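Colleague: I'd like a close look at one part of this model, the place where the two chains meet, and how it ties in with everything around it. Could you walk me through it?

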Amino acid sequence: MNWFWYASPQTFYPLAGRVAPWFGGAALLLALAGLYTGFFVAPTDAQQGEVYRIIYIHVPAAWLSMFIYLVMAVWAALGLAFNTRLSGMMATALAPTGALFTFIALWTGSLWGRPTWGTYWVWDARLTSELVLLFLYFGFIALQAAIDDPRRADRAGALLAIVGAVNIPIIHYSVVWWNTLHQGASVSVTKGASMQSQMLAAMLLMALAFWMYSIAVTLVRVRCIIREREG
Amino acid sequence: MSDYGFYLWGSYAVTFVLLFVEIIFLMKRKREAKA
């Protein structure tokens, strides 16, 4: 398969249309499996009781908020390096969904913080850097919307996306570098998972569901952008 | 559950409403782009 064939918006458009429904279907099935495992298979937490089940949307949303930003920055960098039209369109298509998952991570974290920490919000490093991520998404969307020429908007947005990517390791390591109210990582590549296996399974299923959802809506949105820009 | 229902269901409700709203807006944009 010649992957460069799909770097053109005209050839990518039909491919995106064909695969988007499959990703949407996978997202639905994975979410149903994740919710069933999370609510009916995974046990009640010994310390937090039932409220811990917020983890099944909070952690996947937080992961996706950072992952989508990195993917957006990579597309933006490819656009600057190779001057490809599709790269800017992909970065533009990813931003609203990334912002949405960032808001969901903040919202669910706030609702989880009140019963467990006694407060909806604290200005600790993890929460503040995640809020900065939301503002970076808003800034990217606003900057692109403010420039009429799409190619110039892509280039301006790309610079912001690339510079803003420095915030991602800050979010990830904030709980290591600073004393925070937020707990450390539940899942680590080097240390494994610090949670019960059924809880972990439900969380990973929901993370996959959110991932598939993000791909599906991004592909549909990039098709809209291709039609709007190139007819 | 009764003590913390607001926090748990408030999280799930807002999440799925927002995802649903995103899909609705996207479908509207798709129709307009095709028109």
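**A close look at where the chains meet**

Modeller: Let's begin with a helix. Helix α2 of chain A, residues 55-82, is 28 residues long, and its first and last C-alpha atoms lie 40 Å apart, close to the 40 Å expected at 1.5 Å a residue. Right after α2(A) comes A:Asn83, which has a positive phi near 55°.

Bear in mind that this is a predicted model. For chain A the mean pLDDT is 93, with 96% of the residues at 70 or more. Among the elements of chain A, α4(A) has the highest mean, 97, and strand β2, residues 192-193, has the lowest, 70. As a rule, coordinates should not be read in detail where pLDDT is low.

Now to the loop that comes before that helix. A:Val51 sits in the loop between α1 and α2 of chain A. Is A:Val51 buried or exposed? A:Val51 has 22 other C-beta atoms within 10 Å, and the cut-off for buried is 20 or more, so A:Val51 counts as buried. Leaving out residues up to four places away in sequence, A:Val51 touches A:Trp112 and A:Pro115 in chain A, plus B:Tyr4, B:Tyr7 and B:Leu8 in chain B. A:Pro115 is 64 residues from A:Val51 in sequence, yet their C-alpha atoms are 8.1 Å apart.

A:Ile54 is the next residue to look at. Neighbours within four places aside, A:Ile54 is in contact with A:Thr108, A:Leu111 and A:Trp112, and on the chain B side with B:Tyr7, B:Leu8 and B:Ser11. So what does the whole meeting of the chains look like? In total, 22 residues of chain A are in contact with 18 residues of chain B. On the chain B side, those residues split into 11 nonpolar, 3 polar and 4 charged.

A:Ile54 also turns up in the largest nonpolar core, which has 68 residues; A:Ile54, A:Met72, A:Ala91, A:Met206, A:Ala209 and A:Ala216 touch the most other members. Two or more residues of this core come from each of α1 (9-41), α2, α3 (85-117), α4 (125-146), α5 (150-164) and α7 (197-230) of chain A, and from α1 (5-34) of chain B. The most come from α7(A), with 18 residues.

One of those contributors, α4(A), is worth a detour. Its 22 residues should span 32 Å at 1.5 Å a residue, and the end C-alpha atoms are 31 Å apart, which agrees. The buried residues of α4(A) include A:Leu133, A:Leu136, A:Tyr137 and A:Phe140. An α-helix has 3.6 residues a turn, so residues three or four places apart point the same way. Among the elements covering the buried residues of α4(A) are α2, α3, α5 and α6 (167-177) of chain A.

Stepping back, chain A has 7 helices and 2 strands, running α-α-α-α-α-α-β-β-α from the N terminus. The C-alpha trace of chain A spans about 55 × 35 × 30 Å along its principal axes. Its radius of gyration, 19 Å, agrees with the value near 17 Å for a compact globule of 231 residues. Buried residues make up 41% of chain A. Of the contacts in chain A with a separation of 6 or more, 79% join residues 24 or more positions apart.

Chain B has 1 helix and 0 strands, and its C-alpha atoms fill a box of roughly 50 × 5 × 5 Å. Of its 35 residues, 14% count as buried.

Methods. Residues numbered from 1 in each chain as written. Chains lettered and ligands numbered in written order. Predicted model: local features only at pLDDT ≥ 70, side-chain atom pairs only at ≥ 80, totals over all residues. Contact = placed C-beta atoms within 7 Å. Nonpolar A, V, L, I, M, F, W, Y, C, P; charged D, E, K, R; others polar. Helix = DSSP H or I, 4+ residues; strand = E, 2+ residues; numbered from the N terminus. Expected span 1.5 Å × (residues − 1). Core = buried A, V, L, I, M, F, W, Y, C linked by C-beta atoms within 7 Å. Buried ≥ 20, exposed ≤ 12 C-beta atoms within 10 Å, placed from the backbone. Rg over C-alpha atoms; globule rule 2.2 N^0.38 Å. pLDDT = per-residue confidence, 0-100.
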